[in-house]
Amino acid sequence: MDLFFLFLLVFDVARCEEEAAIPELGSQEEHLSTLPRSKAALVYFRKDTSPSAEIFLEQLENSVEALRDYGISVLKVNCHKEGEASRYCREDNSIGKAYLFRGHVLLRELPTDALFSVDAIVANVLFALLFNEVKYLRTLEDLQKLEGSLKGQSDLVFAYVQAIGTAEHRVVMEAAFVYGSFKFALTTEVALLRSIRSGEPEVPSSQLFFCHCAMQTDPSQPCRRTRMEWLLTTLTVHKFLKLMREPLVVEVAGDPQKVSTPSLQLGLPLVFILTHKETLEADRRTAESLAWRLLGRAGVLLLPRSSAGPDVLPQHNVAIRKAEEGIPIQYLVLKDVDEIVAMVEGDTKPLEEEEEEEYEEEYEDEEYAEQEIEDDQVVESIIRDRKNQLSFENIQTLTEESFGSVLTKAKPIVVLFYASWDAVSLVVMQTYVEVAAQLKGSSDISLARVNCWDWPHVCAQQNATQFPTLKVFTKERRWMTYSGMWGTQEMRRFIELSEIPCPMRLMSPKEVEEYLSFKLLPYHHATVLGLFDPSMTQAREAFVAAAKVLEGTVIIGIYYEEDAATLSQKYAVPLPALLFAKPETQKQGFVHLSNDETQDIVKSIRRVLLETFPEISVRNLPEFFQLEKPLLIMFSDGALSERDEGEMRRLAEEEMDESFVACWLNLKNTPVGRGILKAYFGSSVPPLPLLLWINLHSGGQVFAFPSDRSLSEANVQMWIEKLKAGQEIPSAVLSEEDWKPRLPAYDFLSKMGPALPEFTIYSGRTTVGNGPEEVDVLGDKKEGVKKESMEGGTPEAEGEKRLPSRGDLRGTVPRLASREKPPKRHTEL
């Protein structure tokens, strides 16, 4: 019995000590006014004696020390002891609540059932105190709006937690309390998380993202987001945010084994890109691309090749140093950024050159079975077709030694300059093989290829700084660069047309008639004929220059004999004139050339080759876009009715000033048109057929033909006059956002049909070093040789623009020529 009472005494003393752990505050109101104005306090007015209140009081006591770390006091008022002198004790609704004060000012009432643990207490109290600093977001629009307000000013830390009051919520709020230099945002909405990160499970785990908004000065571009890969804890968040403050790429010199960076100190590996002086800019872009992919997982540094030490082999281009002490630096030969990322992630291991073939055979099936479909369709096609063997029996493989000797032959040759690490190059290579097979035995022209990874000097001499580049070297010692789409039909058409003299000189009226005859039309392509009086020297020379610009894209003839005036009367067109024939529509036409400028003649030829009211598609859109005129587009879900097509065709044929281009788009043939309409009208797309006036080059305004008017030539013409006069209200205005491709290599539109395609003589002026030096196609220096070019810009300027900006290790290590052995798989290309 004495033992029992002793136990009760000890229990009562312990309970009194526990209750005394939370300072008590008198219930008089003036006692609250004594709290420091800058200090926050969580006050609990104890009125309830239920078991749940006892549990809460226990958790509140456990949180005293945690809240004290943030300058927050925990106080209690015993309403049973002090009576009902305080209004918080008198109010019935005060039961089940705690009150957060700053000084004597009440900030927030917190339900005790939401303060079920120390984590919940700390998280909710900090959340209430930082209400104006930490935004709660519900939708993707909320996140994008917040990012937009921070661009160019501050970075954003955005977290998804499963619920308010969890341990992860506490971690985020503690980080927001400490890192005042960042803006913080929070959500518990699964839909918001899935809108920025697809593939999340049904119950996703808490995650943290760093939104790089301070560096984004373009308001039209989104903030880049980096996801923290570790579990959301106080230590990992501190580690992650510290890494986000570090420079993206660090340039160092000296022994890499002695280099120390915050990444290494935090237990992360270091990746060194070994650089050469001549490739420093390309290596820096590669390092930046790699650093973005490894951000938060490894540090990326640029190290001069001379600092790597004499024992490092010349072909090594990457070094990896692990964070563990005593482990030597690993020097490797890697082809691209993907391999480096795989090495750091531990998915692959370094391979010696002689083991690579065996490794590919063993690993390829597993990789193919578990392939990850890339967002970009080009890379996706490479992954899907990686096992397909390409036959190069119809394509020569040229090296630095054989390239010059091949070009000295009289036979014309087509050369594809590609990069073995470039996804677009690998896709185009498949098309190139198909073209070679189709032309086998039917053409005198031969096909070849040069891997610019192995032979960078050859590609530099030929100004092939954009991959892939296709050039035709003719027997007249000229070359032409292909600028069309990379389809089999388009590429073959260009090669076939390059064999035809341009312009083709005709010598008699009979030859002119045969030339314009649909039956005798060469290659069944459209033909254009320039008709000139012998005295029109300036106009004729401008036409010849224009023909050289368009060589490979259209068959062009010229006639300037004494009887040209007779033909002029026959076709009822004044000289100088353009005569053209289109086999697709069985149509012939005649246009007077009113301008002697080469560029104007080029535009005239391109204009007459366009169809009247054509169906627009992804393939031919660049042709119309280059005209820089408003597009009058009829959107239709299927073929147009005979009446609508007739009215629109008459409108297009009678358009005298050619101030716009009338065309139509079949959504069944070109499904991307549905996305275009949604971009214009959102979810409320008007019924089809729908006639739109789209001015892409001036203001981005979109006008919709009124649905209450009948579609007729007269009504449409009146509507166009009104909108030109500013009397119509646009249905939508396109944003000025620059829709850039994900990577420079995927900028397909920039590769298609430049304003004036390249054309030059073999011998040309190429920039070497800091000054111009005349170098011919074989690399020999020449003097007194003039470059003939019809372009407004120089190839050197174009080369500067086309340099790949990231994603490769171009120039750091030449691959061994012995690896180029047929037959080859895509992975070996």
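In the predicted model, a network of salt bridges links Asp119, Arg170 and Glu174. The structure contains 20 salt bridges in total, and several individual pairs are described below.

Within helix H26, which spans residues 642-653, Arg650 and Glu647 are three residues apart, a separation of about one turn of the helix. Their side chains form a salt bridge in which the closest N and O atoms are 2.8 Å apart. The two partners fall into separate accessibility classes: Glu647 is buried, at 15% relative accessibility, whereas Arg650 is partly exposed, with a relative accessible area of 37%. A further salt bridge joins Asp644 to Arg643, with 3.4 Å between the closest N and O atoms. In this pair the acidic residue is again the buried one, since Asp644 has a relative accessible area of 12%, under the 20% limit for burial. Arg643, at 46%, counts as partly exposed, because this value lies between the limits of 20% and 50%.

Glu728 and Arg709 also meet through their side chains in a salt bridge, with an N to O distance of 3.9 Å. This pair connects distant parts of the chain, the two residues being 19 positions apart. Glu728 belongs to the loop between helix H28 (713-724) and strand S30 (732-733), and Arg709 to the loop between strand S29 (701-704) and H28. Glu728 is classed as buried, at 19% relative accessibility, while Arg709 is partly exposed, at 32%.

Attention turns next to the nonpolar interior. In soluble globular proteins, nonpolar side chains tend to be buried together. The largest nonpolar core of the model comprises 52 residues, and those with the most contacts inside it are Leu42, Leu60, Val125, Phe184 and Leu241. Helix H7 (residues 118-129) makes the greatest contribution to this core, supplying eight residues. A second core, separate from the other, consists of 24 residues, among them Val424, Val428, Ala436 and Leu470.

The surroundings of Leu42 illustrate the packing of the largest core. With residues up to four places away in sequence left out, the contacts of Leu42 include Leu60, Leu67, Ile72, Val74 and Leu75. Leu42 also touches Ala98, Tyr99, Leu100, Leu110, Ile121 and Val125, as well as Ser73. Two of these partners, Leu60 and Val125, are themselves listed with Leu42 for having the most contacts inside the core.

A basic residue with a buried position is found elsewhere in the chain. Arg305 is located in the loop that runs between strand S12 (299-304) and strand S13 (318-321). Arg305 counts as buried because its relative accessible area of 15% is under 20%. Beyond residues up to four places away in sequence, Arg305 is in contact with Leu274, Thr275 and His276, and also with Val312, Leu313, Pro314 and His316.

Empty space inside the model was examined as well. Rolling a probe the size of a water molecule over the atoms shows where empty space is left. One cavity of 30 Å³ or more is present, and the largest cavity has a volume of about 30 Å³. The lining of the largest cavity is formed by Leu497, Ile500, Pro501 and Cys502, together with Glu551, Gly552, Val554, Ile555 and Ile556. By residue class, this lining divides into seven nonpolar, one polar and one charged. The charged member is Glu551 and the polar member is Gly552.

Key. Residues are numbered from 1 along each chain as its sequence is written. This is a predicted model: local features need pLDDT of at least 70, side-chain atom pairs count only at pLDDT 80 or more; totals for chains, interfaces and linings use all residues. Side-chain values use heavy atoms; hydrogens and water are left out. On a 1 Å grid over the protein atoms alone, a cavity is a set of points where a 1.4 Å probe fits but cannot get out, and a pocket is an open set with protein on both sides within 12 Å along at least five of seven lines; lining residues have an atom within 4 Å of a point. Grid points are joined across faces, edges and corners, and a volume is the space filled by probe spheres set on the points. A nonpolar core is a set of buried Ala, Val, Leu, Ile, Met, Phe, Trp, Tyr and Cys residues joined through side-chain atoms within 4.5 Å. Buried means under 20% relative accessible area, exposed over 50%, partly exposed in between (1.4 Å probe, protein chains only). Helices (H or I, at least four residues) and strands (E, at least two) are DSSP runs, numbered from the N terminus. Contact means heavy atoms within 4.5 Å. A salt bridge is a side-chain nitrogen of Lys or Arg within 4 Å of a carboxyl oxygen of Asp or Glu.
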